[in-house]
Amino acid sequence: MSRQGTPQRPNGGAPQGKIQPFKLVLLGESAVGKSSLVLRFVKGQFHEYQESTIGAAFLTQTVCFDDTTVKFEIWDTAGQERYHSLAPMYYRGSQAAIVVYDITNPESFTRAKNWVKELHRQASANIVISLAGNKADLGNKRMVEYDEAQAYAEENGLLFMETSAKTAMNVNDLFLAIAKKLPKNTDSQGGGGQRAGGPGIALNEQTEQQKSGCCK
């Protein structure tokens with residue numbers, strides 16, 4: 001299944017120099033809001049009822065800061081357990097990963113910790129890992145405390161933010177923080193398997209539903 005997008009608002013300043021692609025994967029339990037985070041970041045949209053990802057969806061978006069343009073090649077993976085064994089197809093070779101949990105669901109936080117362990121064991125040694133506590137707009141239903149998640153992130157060398165795909169809270173900030181932490185050089189390779197053309201801050205979106213993919 002394919003989804004087509006339209007050009008979207010800029011995500012930074014005017015692009016300068018070489019566009020550097022980086023492969024980024026999203027991991028986490030089903031229904032924590034991974035697809036909603038990506039949709040908010042790439043298209044500035046939020047759908048109250050987001051269909052579960054089947055396999056994995058591929059999108060791209062650029063982030064510009066200073067004189068650097070980072071092109072994220074994003075694999076949004078499916079969270080259902082049956083896809084877990086296919087996860088390494090997406091995180092191996094990734095330069096960045098966002099592990100997402102739902103602040104109202106403590107089990108999703110436990111699952112996120114397992115994903116972090118797996119990435120530390122099997123992903124690239126220099127991968128930039130961030131932890132996102134999503135659905136921050138549901139603070140009145142919070143079951144995972146901010147301080148607990150922040151302490152865990154600090155202990156494990158992770159970037160950490162609470163986010164809300166619904167209100168857009170910290171969504172762009174999260175991707176910008178990752179972009180700034182990525183190593184920049186002329187030999188960077190995204191490895192996303194797709195090359196979406198187009199310069200600078202314009203949206204270069206291609207999505208594809210992989211039938212043999214991984215986790216929502």
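Visitor: Is D102 buried or exposed, going by its relative accessibility?
Guide: This is a predicted model, in which local features need pLDDT of at least 70 and side-chain atom pairs count only at pLDDT 80 or more, while totals for chains, interfaces and linings use all residues. Residues are numbered from 1 along each chain as its sequence is written, and side-chain values use heavy atoms, leaving out hydrogens and water. Buried means under 20% relative accessible area, exposed over 50% and partly exposed in between, with a 1.4 Å probe and protein chains only. D102 has 7% relative accessibility, so the class is buried.

Visitor: With which residue does D102 form a salt bridge?
Guide: A salt bridge here is a side-chain nitrogen of Lys or Arg within 4 Å of a carboxyl oxygen of Asp or Glu. The partner of D102 is partly exposed, at 24% relative accessibility. The closest N and O atoms of the pair are 3.4 Å apart, and the partner is K135.

Visitor: How many residues apart in sequence are the parts that D102 and K135 tie together?
Guide: The salt bridge joins D102 and K135. D102 belongs to strand β4 and K135 to the loop between β5 and α4, so the parts tied together are separated in sequence by 33 residues. Helices (H or I, at least four residues) and strands (E, at least two) are DSSP runs, numbered from the N terminus. The separation is therefore 33 residues.

Visitor: Which residue forms a salt bridge with E29?
Guide: The partner is buried, with a relative accessible area of 13%, whereas E29 is partly exposed at 26%. The closest N and O atoms of the pair are 4.0 Å apart, and the partner is R111. E29 sits in the loop between β1 and α1 (34-43) and the partner in helix α3, so parts 82 residues apart in sequence are tied together by R111.

Visitor: How far apart are the closest N and O atoms in the salt bridge of E162 with R142?
Guide: The search of the whole structure finds three salt bridges. In this one, E162 is buried at a relative accessible area of 5%, and R142 is partly exposed at 23%. The closest N and O atoms of E162 and R142 are separated by 2.7 Å.

Visitor: What span should the 17 residues of helix α3 have?
Guide: The expected span is 1.5 Å times one less than the number of residues in the helix. Helix α3 covers residues 106-122, and its end C-alpha atoms are 25 Å apart, which agrees with an expected span of 24 Å.

Visitor: Which elements do the buried residues of α3 pack against?
Guide: The buried residues of α3 include F109, W115 and L119. Contact means heavy atoms within 4.5 Å. The buried residues of α3 pack against β1 (19-28), α2 (88-91), β4 (96-102), β5 (128-134) and α4 (146-155).

Visitor: Which residue in β6 is the bridge partner of L131?
Guide: β5 and strand β6 (residues 159-162) pair in the parallel sense over four bridges. The chain runs from β5 through α4 to β6 in a right-handed β-α-β crossover, right-handed meaning that, with the strands pointing away from the viewer, the path from the first strand over the helix to the second runs clockwise. Two strands pair if DSSP finds at least two bridges between them. For L131, the bridge partner in β6 is F160.

Visitor: What distance separates the C-alpha atoms of R40 and N172?
Guide: R40 lies in helix α1 and is buried, at 15% relative accessibility. R40 and N172 are 132 residues apart along the chain, and their C-alpha atoms are separated by 8.5 Å.
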